[in-house]
Number of protein chains: 2
Amino acid sequence: MQQLTPIKVPVAGGMAQEFGLVRCEGGVCAARGMRAAGVAAGLRKEPGRRDLALVAADATCACAATFTQNRFCAAPVQVSKEHVAHGRARAVVLNSGNANASTGAPGIEVARQTAALVASELGCDERDVLVGSTGVIGKPLPIDGFQHGVPMAASALASTPEAAHDAAVAVMTTDTVPKESAYTGVLPTGEGDQAGEDSQVTFAAGGFVKGSGMIQPNMATMLCVLSTDAPLTAAAAHAALTAAVDQTFNKVTVDSDTSTNDTCILLATGRAGGPEIEESSAAFPVVAAAIRCVCEDLARMIAADGEGATKLVTVDVLGARTTRDAEVVARSIANSPLVKTAIFGHDANWGRVAAAAGKCGVDFNQDNVDIDLLGVPVLRAGLPVPMDEEDMLRRFENPEVAVAISLGEGDASARVWTCDLSHEYITINGDYRT
Amino acid sequence: MQQLTPIKVPVAGGMAQEFGLVRCEGGVCAARGMRAAGVAAGLRKEPGRRDLALVAADATCACAATFTQNRFCAAPVQVSKEHVAHGRARAVVLNSGNANASTGAPGIEVARQTAALVASELGCDERDVLVGSTGVIGKPLPIDGFQHGVPMAASALASTPEAAHDAAVAVMTTDTVPKESAYTGVLPTGEGDQAGEDSQVTFAAGGFVKGSGMIQPNMATMLCVLSTDAPLTAAAAHAALTAAVDQTFNKVTVDSDTSTNDTCILLATGRAGGPEIEESSAAFPVVAAAIRCVCEDLARMIAADGEGATKLVTVDVLGARTTRDAEVVARSIANSPLVKTAIFGHDANWGRVAAAAGKCGVDFNQDNVDIDLLGVPVLRAGLPVPMDEEDMLRRFENPEVAVAISLGEGDASARVWTCDLSHEYITINGDYRT
């Protein structure tokens, strides 16, 4: 057997180490000044199933949000876009069971009324409440469940890990597990080493997400609520959120579909104390890293929980001429049904990886291409390396599968996450609506 | 139930009627001056299975070809590109069982030797022989089988429908059926109505293709050999071929993957007689239409024979601002695993069609969008139209499924063909190599 050095890919989780961040409990309530609740409001068919989540800061605070780019966008997305425009918010209300999409003007009205119900419970302006929905589309979403459920959720609000968990559970649809993550760290004081230990300011960032395909069967992919107690300005919150989302959620591709309802919201309560953090502040990179670590955890959970997934697949493209080239190739590989079914079948079929890389219009010379599967060199300079098939089958037992390709054109790289494509995906998506 | 007019989509096969073309027998041998053979040369594991096809004109004639755009391209593609450069050819030799891809310089040498073997049998220049391969990749393709098989194929050459059929069978891999088509028509004399009936020149165009996914499991999608006895110049053959391929094979998308081996070759024997046909000749549009009709038949057969397919799906996009917009939306719908699994599950899930249209970056207003499924209006001006679910289930019994969407932005349109995504696709592609 030839001995070759595997392609050198960056280590996962490197950012947490670099900034001294530590995973912690509490999800969206890990940040001080946050409360959450998840209740059964009867919005779903299954009686007693939690279907309404409420997440609230103790006071109106800085807020940023990103939304689906899909031309079809749901009523709650339209209302939340409007409400977040002033960069501040108090609460987010989310429901599962009905996406309130393709519901016209009445749907917009229901989203507004939902925000108003929460505002009246919390004693804030309705423009300080954002709304998110997930579930079936094209069906009217009645306000009734909210009239009953919002007061129930408001009185259940608590700052405990259990309450955060209830909220994470209430937004699940085809998700097989709730998805939460949180990190704590220390904010640099900006005064260098003179500051004693007792002046250290700790902070937390956390959140939850629902999503188990880039689009859920009935088009309501990803709803994510994040929080931090670091005193970010609205502009800094926006910068941290968009950078994190771009490098994490936007790098997950389960089936290349994106939804009408995708929403990701960040509340920054400021309860950690200390001076306001702008993008130029010394503390900004630390907080941004924590938010990105939370998002990376949640993004990997989405990929691993892809509909019918049996494997989390990480695709690394290295040696590309530009980052865009690297990303186009990475997505082409990650979205290839042939690559995904090969992984499902434990088939070390690097030929499909090569074909997926070659088809996407990015220029490279096949004679310079290296490919590793599961950490094993399988193609060097465009020619196959003999494989130990037994060893490959053993490596496929791991729940994570690494695919790496080096194009030999430059120094740019990209990473995306996906999952394999299984019989279960067909069953879930072929049978869902009926 | 609301009564709405379905979206007006163009009729399939309209071109044949417009130019008075009629389907006929004979496949690649329908054109005069063509012979074909398909023999078992022992290139495949299964003993006795036909695996070597030879298609030859009676004399060297005009030839055009199009090839895969994949950056990874197989040895026979590289050699055939070189050989077709002078616009003339005598024969095409094709094998199944091994794609001769990712095989380096030795692979190129085998492709050259194969061409030389055919040239020596037929008594022509080896540059007049094109080569095509399909099957597993990354494995050396030994020349031995060809040394034995090429003389066998050469002596089996015949101008019969059976011989054409044998050639079509010899290139099959995961294809469940051989795919052939042919049309005959009358060439306009260019002298108007003065020409009597006895001066009429009839011609034929026909061919075969292999392909049952946009990429076969081991990366050898589509091999197509077409012929016509119309006296096209090399330039006219090239123009007719590229136009036809662009409107037919390039509009089929089974799983969004494209292969390293795609090859489509047209030989024009000129045996129909009459003056040479240039692009500017009166006869050109008729011949080009015949070639396009053959390609459209073959393209639809590929989509219908998609790996694991249970339905042929035609996606029409109308009312787009530009043809490019229409095509991007059509491909986004046709490649959406969610749309394809819904069709497999007989689920009239127009929401997934809407989401696939909205995600691809083409600008439109969701309030102007209409969607028809199976000829039934299901969305008008962005709002759902109540469906008769029983009627929809009945319509899903048809082997063909029509999806049409009008964007309400302009007059441009596009059509693509695909198939549904089934359990069988996962089985075929999850288990193939091992």
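## Strand 11 of chain A and its surroundings

Within the predicted model described here, A:Ile371 has A:Leu379 in strand 12 of chain A as its bridge partner. The model is predicted, and local features need pLDDT of at least 70, side-chain atom pairs count only at pLDDT 80 or more, and totals for chains, interfaces and linings use all residues. Residues are numbered from 1 along each chain as its sequence is written, while chains are lettered from A and ligands numbered from 1 in the order in which they are written.

Strands here are DSSP runs of E with at least two residues, and helices are DSSP runs of H or I with at least four residues; both are numbered from the N terminus. Two strands pair if DSSP finds at least two bridges between them.

**The sheet in chain A**

Strand 11 belongs to an open sheet of six strands in chain A, with the order 13-12-11-14-10-15 and mixed pairing. Strand 13 (383-384) and strand 15 (412-419) of chain A each have a single partner strand, so one side of each is left without a neighbour in the sheet. Helix 10 (residues 350-358) of chain A packs on the sheet and touches strand 11, strand 12 and strand 14 (400-406) of chain A; its direction makes about 130° with that of strand 11 of chain A. Contact means that two C-beta atoms, placed from the backbone, lie within 7 Å. Axes are lines fitted to C-alpha atoms, for helices over the stretch in contact, and angles run from 0 to 180 degrees between N-to-C directions.

Strand 11 of chain A runs antiparallel to strand 12 of chain A, to which three bridges join it. Four bridges join strand 11 to strand 14 of chain A, also in an antiparallel manner. Among the residue pairs, A:Leu373 has A:Val376 as its bridge partner, and A:Asp370 stands opposite A:Ser406 in strand 14 of chain A.

In which directions do the residues of strand 11 of chain A point? A:Asp370 and A:Asp372 point one way, A:Ile371 and A:Leu373 point the other way, and all are buried. A residue is buried if 20 or more other C-beta atoms lie within 10 Å of its own, exposed if 12 or fewer, and partly exposed in between, with C-beta atoms placed from the backbone. In a regular strand the side chains alternate between the two faces of the sheet.

**The turn after strand 11**

Strand 11 and strand 12 of chain A form a hairpin with two residues between them, and A:Leu374 lies in the turn. Most residues other than glycine have a negative phi. The table lists Leu374 in chains A and B.

| Residue | Phi | Loop between | Other C-beta atoms within 10 Å |
|---|---|---|---|
| A:Leu374 | near 55° | strand 11 (370-373) and strand 12 (376-380) of chain A | 20, buried |
| B:Leu374 | about 55° | strand 11 (370-373) and strand 12 (376-380) of chain B | 20, buried |

**A glycine in chain B**

B:Gly382 lies in the loop between strand 12 and strand 13 (383-384) of chain B. Is B:Gly382 buried or partly exposed? B:Gly382 counts as partly exposed because it has 18 C-beta neighbours inside 10 Å. Not counting residues up to four places away in sequence, B:Gly382 touches A:Ser102, B:Gln366, B:Asp367, B:Asn368 and B:Val369.
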